[in-house]
Amino acid sequence: MLGGADYSWQIPYTDDHHALAGQIMRRLDGFPGFALVTGVPVDDLTPEQACVFAPELLKSVGDPLLQGPEGAMTLGWLVRDEGSSRFRSDGTYRAGVYTSKSADDLDIHNDGAMSPHGHEVDMFGLLCLGAASAGGESTLIRTPAVIDVLRREHPREFERLCQPYAFERSHVAQSGQAPVMWAPIFDLGGARLRVRCNRQRVEMAPAITGVPLDAGDLAALDALDEVLGRRDLQSRPTLAPGDLLVANHPAVLHRRRAFTDDPAAGQRRCLVRVLLARREAGGHS
Ligand SMILES: O=C(O)CCC(=O)C(=O)O
Ligand SMILES: [Fe+2]
């Protein structure tokens with residue numbers, strides 16, 4: 001459990017990135033599955049410079065993966081309100097939108113759920129350059145704890161969650177790649193646990209597949225949501241400038257609350273997101 005007073009996941013920044021990577025990996029591969037590096041020197045960096053600095057820093061942890069639209073892909077992706085919205089005015093989801101470019105509440109998910117651009121994401125980093133004037137709190141939940149509760153309290157629903165669902169993925173598909181993929185939310189069958197959590201994309205898929213979600217599919221998603229909503233399983237840091245959150249992708253799910261900027265007061269929430277693939281043998285370099 002992650003008590004509010006447990007700060008063992010915090011690591012002060014050092015410019016020895018190799019040593020930092022070792023400390024980060026101990027927390028990512030052990031408890032609690034994530035680390036918060038504090039005091040990263042971001043004050044003198046423009047967002048564009050930070051998009052180069054963050055993957056450079058994190059390449060000692062893993063191999064940074066390209067993100068973004070074809071033709072403008074980048075290793076550091078700016079997460080900030082650029083005027084997008086997840087929703088249409090009638091409350092339905094808008095297709096083709098990068099939710100990371102909105103100020104909306106982002107439901108609990110993991111970033112590699114839809115295998116963006118064909119990548120398998122093993123870890124991710126979020127470097128905070130600016131905080132909102134209100135909101136923007138993060139929620140982190142450890143997947144093993146979620147699986148334990150589901151197995152105990154919702155075994156039938158858990159079994160369904162281990163069977164494939166369709167995920168809409170057109171915003172992370174390159175030309176020639178499928179706009180929808182089928183995969184379990186919890187895949188316990190391989191050498192490594194694979195987790196794909198993104199209810200929005202599951203709810204958007206039937207418009208493409210023509211296969212509606214049935215009562216059993218929805219009951220399993222509702223059971224998952226109920227467990228993900230349990231406060232005692234959550235840790236809720238609010239990222240401040242200079243904070244770098246790094247998390248083990250299958251082991252930790254995350255959410256970001258809606259936020260408001262106040263540009264006149266110089267308060268604009270801005271993060272750099274880096275997705276990482278694990279380097280197999282040979283450790284960190
Ligand atoms: O804004 C944040 O704190 C996280 C954003 C996020 O989860 C994402 O872009 O995938
Ligand atoms: Fe995310």
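The residues around ligand 1, each with a heavy atom within 4 Å of the ligand, are Val79, Ser100, Leu106, His109, Asp111, Leu126, His254, Arg256, Arg269, Leu271 and Arg273. The model is predicted, so that local features need pLDDT of at least 70 and side-chain atom pairs count only at pLDDT 80 or more, whereas totals for chains, interfaces and linings use all residues. Residues are numbered from 1 along each chain as its sequence is written, chains are lettered from A and ligands numbered from 1 in the order in which they are written, and side-chain values use heavy atoms, with hydrogens and water left out.

The shell around ligand 1 divides into 4 nonpolar, 3 polar and 4 charged residues; here Ala, Val, Leu, Ile, Met, Phe, Trp, Tyr, Cys and Pro count as nonpolar, Asp, Glu, Lys and Arg as charged, and the others, Gly among them, as polar. Polar contacts with the ligand are pairs of N or O atoms within 3.5 Å. Oxygen atoms of ligand 1 lie 2.8 Å from a polar side-chain atom of Arg269, 2.9 Å from one of Arg273 and 3.1 Å from one of His109. Of the 300 Å² of accessible area that ligand 1 has on its own, the protein covers 97% (Shrake-Rupley method, 1.4 Å probe). Two or more residues of the shell come from each of strand S5 (106-109), strand S15 (252-256) and strand S17 (270-277); strands are DSSP runs of E with at least two residues, and helices are runs of H or I with at least four, numbered from the N terminus.

Aromatic rings of Phe, Tyr and Trp (its six-membered ring) pair if their centres lie within 6.5 Å, with planes under 30 degrees apart counted as stacked, over 60 as edge-to-face and the rest as tilted. The count comes to 2 aromatic pairs. One of them, Phe158 with Phe186, is tilted, at 5.6 Å centre to centre and 40 degrees between the planes. Phe158 belongs to helix H4 (residues 155-161) and Phe186 to strand S11 (residues 186-187), so the pair ties together parts 28 residues apart in sequence.

In the backbone, the peptide bond from Phe31 to Pro32 is cis, with omega near 5 degrees.

Methods. Polar contact = N/O pair within 3.5 Å; in protein donor to acceptor, adjacent residues only side chain to side chain.
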